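Got your viewer open? Let's walk through this one together, one selection at a time.

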Amino acid sequence: MDQRHSTESVEHKSGEYELIRDAEEPRLGMYDKPLPCFGCGIGWFSFLLGFVFPLMWYYATILYFRNYYQRDPRERAGLAASAIAALVCTIVVIITIAVLIF
């Protein structure tokens, strides 16, 4: 194979992510990099970890209401799931306390 004619559009180092840009759509390659927290994003990671440590649901709820998903829209579903889990957890705790007191 001739080294002068590469099929790669951009030469880059192995193992590093390269941002792909398009002249017509500048936001095209914005979300090509993987999400944080083992690739599932902060929202889903908080949702799963919330079953062990429920305060993570409230942390994700704060991020959701502060529009953290504007940085990366892929985070929105996980943050919304955590907000719903926090709501359900709060309702269950209130009902449990009400039953125990009365």
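First, a word you'll need along the way: a contact means heavy atoms within 4.5 Å. Helices (H or I, at least four residues) and strands (E, at least two) are DSSP runs, numbered from the N terminus. You're looking at a predicted model, where local features need pLDDT of at least 70 and side-chain atom pairs count only at pLDDT 80 or more, while totals for chains, interfaces and linings use all residues. Residues are numbered from 1 along each chain as its sequence is written, and side-chain values use heavy atoms, with hydrogens and water left out.

**Stop 1: the whole chain**

Show everything as a cartoon. You'll find three helices and zero strands, in the order α-α-α along the sequence. Now colour by pLDDT, the predictor's confidence in each residue, from 0 to 100. The chain's mean is 79, and 70% of its residues reach 70 or more. Among the elements, α3 has the highest mean pLDDT (94) and α1 the lowest (88).

Next, think about burial: buried means under 20% relative accessible area, exposed over 50%, and partly exposed in between (1.4 Å probe, protein chains only). Of the 102 residues in the chain, 25% are buried. As for contacts between residues at least 6 apart in sequence, 46% join residues at least 24 apart.

**Stop 2: helix α3**

Select residues 76-101, which is α3. How many residues does α3 have, and how far does α3 reach from its first C-alpha to its last? It has 26 residues and reaches 37 Å, close to the 38 Å expected at 1.5 Å a residue; that expected span is 1.5 Å times one less than the number of residues.

Now pick out the buried residues of α3: Gly78, Leu79, Ala81, Ser82, Ala83, Ala85, Ala86 and Cys89. They pack against α1 and α2.

Zoom in on Ser82 in this helix. Ser82 counts as buried, at 0% relative accessibility. Leaving out residues up to four places away in sequence, Ser82 touches Gly43, Ser46, Phe47, Trp57, Ala60 and Thr61.

**Stop 3: helix α1**

Follow one of those contacts, Ser46, over to helix α1. Is Ser46 buried or exposed? Buried, with a relative accessible area of 1%. Its side chain reaches the backbone oxygen of Ile42 at 2.8 Å. That fits a polar contact: a pair of N or O atoms within 3.5 Å, where within protein one must be able to donate a hydrogen and the other to accept it, and residues adjacent in sequence count only if both atoms are side-chain atoms.

Ser46 also touches Met56, Trp57, Tyr59, Ala60 and Ser82, again not counting residues up to four places away in sequence. Widen the selection to the buried residues of α1, and you get Gly41, Ile42, Gly43, Ser46 and Phe47. What covers them includes α2 and α3.

**Stop 4: helix α2**

Select residues 55-65 and look for the buried ones: Met56, Trp57, Ala60, Thr61, Leu63 and Tyr64. They cover an arc of only 160° around the axis (taken from the directions from the helix axis to the C-beta atoms), which puts them on the same side of α2. This buried set packs against α1 and α3. Spin the helix to the face turned away from that side, and you'll meet the exposed residues Leu55, Ile62 and Phe65.

**Stop 5: the loop between α2 and α3**

Move on to Asn67, which sits in this loop, just after α2. Asn67 is partly exposed, with a relative accessible area of 39%. Check its backbone: phi is near 60°, a positive value in a residue other than glycine. Most residues other than glycine have a negative phi.

Arg74 is in this loop too, and at 33% relative accessibility it counts as partly exposed. Add Cys40 to the selection: Arg74 and Cys40 are 34 residues apart in sequence, and 9.4 Å apart in space, C-alpha to C-alpha.

**Stop 6: what the record says**

Finally, try the two spans that UniProt lists as "transmembrane region" in an unreviewed entry: residues 42-65 and 77-101. UniProt positions are given in the numbering used here, feature names are shortened, and annotations may be inferred rather than shown by experiment. For residues 42-65, the end C-alpha atoms lie 14 Å apart, and the span is 79% helix and 0% strand. For residues 77-101, the end C-alpha atoms lie 36 Å apart, with 100% helix and 0% strand.
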